[in-house]
Amino acid sequence: MSFSLRFPPIASSSYSVSMRGLVFLVLCILILNGSDPCSGGKTSSFTRKVEKSVDMPLDSDVFHVPPGYNAPQQVHITQGDHVGMAMIVSWVTQDEAGSSVVLYWSEDSKHKKEAKGKHSTYQFYNYTSGYIHHCTILNLKHDTKYYYEVGIDHTIRKFWFITPPEIGPDIPYTFGLIGDLGQTFDSNNTLTHYELNPHKGKTVLYVGDLSYADNHPDHDNVRWDTWGRFTERSVAYQPWIWTAGNHEIDFAPELGEIKPFKPFRHRYHTPFKASGSTEPFWYSIKRASAYIIVLSSYSAYGTYTPQNQWLIDELPKVNRSETPWLIVLMHSPWYNSNSYHYMEGETMRVMFEPLFVQYKVDLVFAGHVHAYERSERVSNVAYNIANGMCTPVRDQSAPVYITIGDGGNIEGLAIEMTEPQPRYSAHREASFGHAILDIKNRTHAYYSWHRNQDSFAVEADSLWFYNRFWHPVDDSICARGEEA
């Protein structure tokens, strides 16, 4: 039996007597019926037909090439600076380079401005890419709808986006969360469910593994092109914040390809230089009331490495009076009770978890495991190689860890869970889906996970999160029972 209780986003006021009584009554009923939410984690009893996920055929309508000679395709956008006043617009022209110029204008203006970009190509084994264009639009106004055009003459294509509101501690904002999407029929269901979710995410936090081209013979890079056309319907209109996963490495010495991340690096740019990073795989951005740090599970992170030093320098810069919600994205999860990819994130956890606890990270989102899991607030920072204290413990300075690598990719669901379910695991289920994080103010954010088998508004898992800096009370269901 599953349940969730929606609490209003009140910063510090106590709940009314009637609300406290209602919560107490609900918890008593659940306990009397043998469903004590404080007795440990929950493995969902929901069952779905387990079958192999199949990539959509190359002639699927979701992969259609825009009409017209050299028409821009695979259009996608991401944040182009640190504070949300720039946008990177990217696209591909297949026949010739054409123009790398973006024309753009605000909704309340008819004057078109021009931003100039650059283009490049790459080769991967026997594949040669089209002309990949990247153009950064600067000096945008906050909370403004902009239209933009790419292409020339009779193949101009028009899109739009809305910039985030000005940064501030109580600015509400809604993020979507997707990982390990791929391009199967299940992937299409996931993206459709996200698009039709009534909560209406404004920006996708993408936790890695994009096209799964490397699952095809010779890392068939045509599947990078089809994925770009498939996702354009969303990512051309709202920014996706990119995390690199293992399927972006594309390291294939047997094909003569020894430079990791080659296709991803050429196709998907990030604003890494704006946060002082030296590589596009780890960086940070501010958006509304959130400070988002992206880490690379597959770049060096040990002592003395660039990523390690960058994170040590970056975390003290976070001003929780300006951006109270501190969110980290990575690909390989640290707390994973699925047998699939079990403990693969352990070395990064050992390196970075003390920093996450010290700086009171609110939430950590990861992918990699093709299932869903949400942890309690736990840490394992007491452990060292000599003391044997290696059991995670409840820690209200620690983040909640959420694995959302359930986008629908060709490798299918990860259905084998470790047993018994560890106490740190609050909810887990092997289903495809996506999530929504709806930040209300500096103290409260509402989170919901949506499985593909349900209607668009159904929440298969949900919880109010309390900010670790401004309202650091226990936000587990068990604690709420005690509050009642």
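User: Let me start with a detail in the predicted model: which residue of strand 24 does aspartate 438 stand opposite?

Analyst: A ladder between two strands can be read residue by residue. In this predicted model, aspartate 438 faces tyrosine 446 of strand 24. The ladder they belong to links strand 23 (residues 433-439) with strand 24 (residues 444-451) through seven bridges, and the two strands run antiparallel.

User: What is the strand order of the open sheet of six strands?

Analyst: Sheet order is read across the strands rather than along the chain. Here the order is 14-13-12-23-24-25, and the pairing is mixed. At the edges are strand 14 (240-241) and strand 25 (461-466), each of which pairs on one side only.

User: Which helix packs on the sheet, and which strands is that helix touching?

Analyst: For packing, look at the contacts and then at the angle. Helix 2 (residues 185-196) packs on this sheet and touches strand 12 (173-178), strand 13 (203-206), strand 14, strand 23 and strand 24. The direction of helix 2 makes about 25 degrees with that of strand 23.

User: Stepping back, how many helices and strands are in the protein chain?

Analyst: The chain holds seven helices and 25 strands. Of its 484 residues, 58% count as buried. Contact separation is another useful reading: among contacts with a separation of 6 or more, 71% are between residues 24 or more positions apart. The accessible surface comes to about 19500 Å², with 55% of that belonging to carbon and sulfur atoms.

User: Which residues have the most contacts inside the largest nonpolar core?

Analyst: That core has 85 residues, and those with the most contacts inside it are Trp240, Trp242, Phe356, Phe365, Leu437 and Tyr447. Apart from it lies another core, of 17 residues, including Val89, Val102, Tyr148 and Phe159.

User: What is tryptophan 240 in contact with, leaving aside its neighbours within four places in sequence?

Analyst: Its contacts are Ile77, Thr78, Ile178, Leu181, Leu191, Val204, Tyr206, Trp227, Thr231, Ser234 and Val235. One of them, Trp227, brings us to the aromatic rings.

User: How many aromatic pairs are there, and why is the pair of tryptophan 227 and tryptophan 240 classed as it is?

Analyst: The count is 32 aromatic pairs. To classify a pair, read the distance between ring centres and the angle between planes. For tryptophan 227 and tryptophan 240 the centres are 6.4 Å apart and the planes stand at 75 degrees, so this pair is edge-to-face. Tryptophan 227 belongs to helix 3 (residues 222-235) and tryptophan 240 to strand 14, so the pair ties together parts 13 residues apart in sequence. Both tryptophan 227 and tryptophan 240 are buried.

Analyst: A second edge-to-face pair is formed by phenylalanine 469 and tryptophan 470, at 5.3 Å centre to centre and 75 degrees between the planes. Phenylalanine 469 is partly exposed, at 42% relative accessibility, and tryptophan 470 is partly exposed too, at 32%.

User: Which residues form one aromatic cluster with Trp240?

Analyst: Together with Trp240, that cluster holds Tyr206, Trp224, Trp227, Trp242, Phe261, Phe264, Tyr268 and Phe281.

User: Now for a hairpin: what joins strand 4 to strand 5?

Analyst: A hairpin is read from its two strands and the residues linking them. Here six residues make the connection between strand 4 and strand 5. Strand 4 (residues 101-106) and strand 5 (residues 113-116) are antiparallel, with four bridges, and leucine 103 has glutamate 114 as its bridge partner. Strand 4 also pairs with strand 10 (residues 145-150), antiparallel and over four bridges; there, serine 106 stands opposite tyrosine 146.

User: Backbone angles next. Which residues does a cis peptide bond join?

Analyst: Omega is the angle to check. It is about -5 degrees at the cis bond between glutamate 419 and proline 420. Proline 420 sits in the loop between strand 21 (400-404) and strand 22 (425-429).

User: And where is methionine 343 found, and what is its phi?

Analyst: Methionine 343 is in the loop between strand 17 (325-329) and helix 6 (346-358). Its phi is near 65 degrees, a positive value in a residue other than glycine, and methionine 343 is partly exposed, with a relative accessible area of 48%. Lysine 360, not a glycine either, has a positive phi of about 55 degrees. Lysine 360 lies in the loop between helix 6 and strand 18 (363-366) and is partly exposed at 29% relative accessibility.

Definitions and conventions: Residues numbered from 1 in each chain as written. Predicted model: local features only at pLDDT ≥ 70, side-chain atom pairs only at ≥ 80, totals over all residues. Heavy atoms only, no water. Core = buried A, V, L, I, M, F, W, Y, C linked by side-chain atoms within 4.5 Å. Buried < 20%, exposed > 50% of the residue type's maximum accessible area, 1.4 Å probe, protein only. Contact = heavy atoms within 4.5 Å. Pairing = 2+ DSSP bridges. Axes fitted to C-alpha atoms, helices over the stretch in contact; angles between N-to-C directions. Areas by Shrake-Rupley, 256 points an atom, 1.4 Å probe, with all protein chains shown as cover. Phe/Tyr/Trp six-rings, centres within 6.5 Å; stacked < 30°, edge-to-face > 60°.
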